[in-house]
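Colleague: I am new to this structure. Please take me closely through one part of it.

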Amino acid sequence: MNAKNGDSANWTERLRVCRERLACGFPQVGEVFEECLREALVVLSSRGVDAYLDSARFLGGMGRGVEPVLAFLEEWPAIARIVGEDTLPAVSATIHALWKSPNAKAITPFLETLAAVARRLPSGQQLQRYLDLTLDFMERTTGSIHGIHQTFASPGLPEFFAQAPTLLDKLSIAGLRNWVDYGIRNYQNHPERQREYFRLQSADSRAVLQRERHGTLLVDHQRQLELYLRGLWDDSAELVPYPTDLDQQHPSAPYYDAAGIRLPDVLDDAPGVSGIDRYRATLAHIAGHRRWSQPMFADNCSPMQRMAIEIFEDSRVDTLIVRSYPGLRRVFLALHPVPVAGACNPETTSCLRHRLTMVSRALLDPQHGYQDAELRKFVGHFHQTMAAGESSSEEIATLALAYIARTRRQSDQLATVHFADTAVSYRDDNRHLWRFHELSDDEEMFDQQRPAAAAVDIDRLPPRHYPEWDYQTKSYRPDWVSLYESLHPAGEAGDIDRLLEKHAALARRLKRLLDILKPQEKVRIRYQEDGSELDLDVAIRSLIDFKGGATPDPRINMSHRTNGRNLAVLVLLDLSQSLADKVKVGTSGDEQSILELSQEAVSLLAWSIEQLGDPFAIAGFHSDTRHDVRYLHLKGYSERWGDAVKSRLAAMQAGYSTRMGAAMRHAAHYLTAQPAEKKLLLVLTDGQPADVDVHDDRLLIADARKSVEELDQQGIFTYCISLDRNADDYVSDIFGGRYTVIDKIERLPERLPELFMALTR
C-alpha cells in the first residue's frame with residue numbers, strides 16, 4: 001500500500017514537473033496532457049521527452065492558438081514510434097520555417113496529418129524528403145511584394161497537407177513530388193486554381209495523379225478488355241471510364257446504361273488479384289447481368305427489400321458465371337469480403353448490410369463456415385433453386401423477400417449502418433434492375449433532367465480531351481485541352497459564287513494547270529463479279545466451261561481506276577480575331593479584311609481540288625482558353641463541293657484566339673481514317689499560336705511543334721501557309737522548312753491554289 005502511494009506520488013511529481021516545463025496555459029491542453037505524457041514516456045527516451053516538451057512549449061507560445069500544440073502532443077509519440085525520435089529536429093525546423101513565413105496557419109494541418117504521412121513513409125530518410133518537399137512548396141508559392149519580402153501565404157499549402165495521406169496512399173514520394181511540381185508550375189499565379197488543384201478538385205489534379213500512380217489504367221487495356229468481353233460474352237458494349245473519387249470513403253460502383261459499361265479509370269492490384277483481373281471480374285459480372293437479369297418494378301419494395309433482392313440476384317449471376325467459367329470463382333472469392341460473424345452489434349447498429357454480405361459470401365463459397373441457422377437454410381434454398389436451371393430474377397427476388405421477412409430486426413431501421421467488409425468491389429450498382437411507375441423524391445431521374453441543361457449548346461458534340469506539351473518539363477499535360485466540334489452555321493451560298501466570278505480569269509488559268517495535273521492513266525482491274533465493262537476473254541472462257549459441264553468463273557467483268565494520285569487533304573483555317581484586320585488591296589487603296597481574302601482563297605482551292613478529284617475536307621478553329629477550343633466543320637470528306645459547303649464558307653467569322661496544337665491533333669483524327677496513301681494537312685493562319693490563358697509565348701509554339709511531330713509519326717504531311725509578315729520568327733520552329741509566308745496578303749487567292757498544286761504535283 002505504501003509502495004503504491006509512493007509510485008502515485010512520484011507520478012504526480014513528475015507530471016507537475018513536466019507540466020511546468022511545458023508552460024502552456026490552455027485549459028484544453030490540461031485535459032489531455034497526462035494521457036499524452038504517459039504515451040510519450042513509453043515511446044521516448046528521457047532526452048526525447050525533454051525535446052518533446054520543449055517543442056510543445058514553443059508551439060503553445062507562438063501565438064497561433066491551442067490547435068498546433070494539441071496536434072503535436074497527441075501525434076508526436078505515434079510519429080516517433082514509426083520513424084524514431086531523432087527526426088524531431090528536422091520536423092521542428094520545418095515548423096520554425098512555416099512560423100517565420102506568412103504560412104503559420106498551415107502548421108496545424110501539417111501536424112495533424114504527419115502521423116498518417118509517417119505511416120506511408122516509415123523511415124527517417126523518406127520523411128526527410130517529405131519535409132524537403134514541404135519547404136520547397138512553401139518557398140515557391142508564398143507571395144512577395146516586389147520580390148523582396150514574403151507577404152502572402154501559399155494558397156495551396158494547407159490544402160496539400162490535408163490531402164497528403166490520401167496522396168501517399170496512391171503515390172510514391174517521387175510521384176508525389178512530380179504531382180506537386182506540376183501544380184506549382186501551372187498554378188503559381190492563380191490562387192483559387194491552385195487551391196482546387198491541391199484539394200484534388202480539378203480535372204488536371206486527378207489526371208496528373210493518375211499518371212503518377214501505380215495502378216492498372218483502363219485506357220491502357222481498353223482494347224484488350226473489349227476483345228475479352230466480345231470473345232467470352234459475345235457482348236460488344238462500349239467501355240466508358242469514369243474518374244475514381246479519391247476523396248470518398250466508398251468509391252463509385254461500376255454500372256451500365258444505354259451509353260455503355262461504365263468502369264473506374266484506374267484499379268489497383270488487390271491481394272492475390274491483379275488490376276487487369278479485377279477489370280475482367282467486373283466485366284464478367286456486368287455481362288452476366290446483361291445476359292440473365294430482367295428489370296423489376298421497384299415501387300412496391302422498400303429500400304431494405306431492394307438491397308436484399310440485389311444481393312441475391314448478384315449471387316445468382318455469379319453462380320451462372322462460375323458454371324460457364326469455373327476459373328473465375330478464385331477471383332470472385334479473392335475480391336469478395338469475408339464479414340466476421342458477430343462483428344456488428346444489432347443493439348446499436350443496423351446490421352442488414354452485414355447479414356446480407358454474409359449470405360452473399362456463403363452463396364459463393366462452399367467453405368464459408370457460417371453457423372447461423374437462417375443463413376444456412378436460405379443458402380440451401382438458393383442452391384436447390386439454381387440446381388433446376390438458370391432460375392430468373394423474379395424467382396430469386398421472391399427468395400430474397402422471404403429471407404428479409406425471416407431475419408428482419410427493429411434495429412435494421414437505425415441510422416448508424418455497419419459498412420465494414422460489405423463492399424463487393426467487382427459488382428455494379430444494379431441500377432439496371434429497377435423500373436419505376438412513378439417518380440419519387442428519393443430517385444435521381446437524371447435522364448429527365450438532362451435535356452434542359454443540354455439545351456444551351458444543342459449542336460455541340462461532347463468534348464474531346466487532348467494533351468498539351470510543356471516544353472519546360474518535357475512532358476505532356478494530360479487531358480489539358482477540351483475541344484468541342486460542331487457543324488459551322490450556314491450563310492448565303494451565292495456570296496461564294498460571286499467571289500468565284502470575281503476571280504474568273506484566275507480560275508481559267510488554274511484550269512489549264514489542273515488539266516495537266518489530272519491523272520490520265522487508267523488501270524484495268526480484271527476478274528470482277530461487278531464491274532463497268534464485260535471482260536470478253538474471261539466471259540468466253542466461262543461460257544466454254546459452262547457448255548462443257550464445268551463450273552464457270554463468275555468474275556467476267558472488269559473495272560478501271562485512275563493510276564497516279566492517291567491523296568487525301570484537310571484544309572485547317574485559323575479563324576481567330578485577327579482575321580478581321582483589314583489590308584489594302586490593289587493600287588486604288590481599297591481595304592478588304594483578311595477573312596474575306598481567306599474566303600476567296602479557300603473557295604478557289606476547294607474548286608481546284610474538286611477538279612482533281614482528291615478527297616478533301618475543310619475545317620476552321622479558334623479558342624477561348626484551354627477549356628473551349630472550337631473545331632468547326634465546313635466540308636466533310638463525304639460531301640461534294642456545292643451550295644451546302646459554300647453557304648458555310650460564306651458564314652465564316654473571326655473571333656477568339658489560336659490554340660493550334662489541339663486543332664491539328666483533332667484534324668489528324670479525321671485524316672488518319674482516310675484510306676489514301678498520302679495525307680496532307682494544310683494549315684492557313686495569320687499569326688502565331690496564342691491564347692488568353694497562356695502568358696508564356698513559347699508554350700503554345702512548342703506544343704504546335706510537338707503536334708507536327710506527332711502527325712509526322714502518323715504519316716501525315718503538314719504544311720503551313722502564313723499571312724504574318726513576322727512569321728519567320730516562329731513558323732520554322734513549328735513546321736521546320738514546310739511553310740510559305742505570303743507577304744502580299746492580297747495575292748492569297750492566287751497563291752493558295754498554286755501552292756497546293758506545287759505540293760501535290
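Modeller: What follows is a close look at one helix, with a few strands and loops after it.

This is a predicted model, where local features need pLDDT of at least 70, side-chain atom pairs count only at pLDDT 80 or more, and totals for chains, interfaces and linings use all residues. Residues are numbered from 1 along each chain as its sequence is written, and side-chain values use heavy atoms, with hydrogens and water left out.

Start with helix α25, residues 660-671. Helices (H or I, at least four residues) and strands (E, at least two) are DSSP runs, numbered from the N terminus. α25 has 12 residues and reaches 16 Å from its first C-alpha to its last. That is close to the 16 Å expected at 1.5 Å a residue; the expected span is 1.5 Å times one less than the number of residues.

Burial comes next. Buried means under 20% relative accessible area, exposed over 50%, and partly exposed in between (1.4 Å probe, protein chains only). In α25, 10 of the 12 residues are buried, so the helix is largely enclosed by the rest of the structure. Among them are Met660, Gly661, Arg665, His666 and Leu671.

Now its neighbour. α25 packs against helix α26 (residues 697-713) at an angle of about 15°, with the axes 8 Å apart. That makes the two helices roughly parallel. Axes are lines fitted to C-alpha atoms, for helices over the stretch in contact, and angles run from 0 to 180 degrees between N-to-C directions. Angles under 35 degrees count as roughly parallel, over 145 as roughly antiparallel, 65 to 115 as roughly perpendicular and the rest as oblique. The crossing is left-handed: the near helix is turned anticlockwise from the far one by less than a right angle. Residues of α25 in contact (heavy atoms within 4.5 Å) with α26 include Met664 and Ala668. On the α26 side, the contacts include Asp703, Ser707 and Leu711.

Then the strands. β11 (residues 475-487) runs antiparallel to β10 (residues 464-470), with 6 bridges between them. Two strands pair if DSSP finds at least two bridges between them. Tryptophan 469 has tyrosine 476 in β11 as its bridge partner. This hairpin has 4 residues between the strands, and lysine 474 takes a positive phi near 55°. β11 also runs parallel to β19 (residues 629-635), joined by 5 bridges. There, serine 486 has leucine 632 as its bridge partner.

Last, a loop. Threonine 625 lies between β18 (616-623) and β19. Its phi is near 75°, a positive value in a residue other than glycine.
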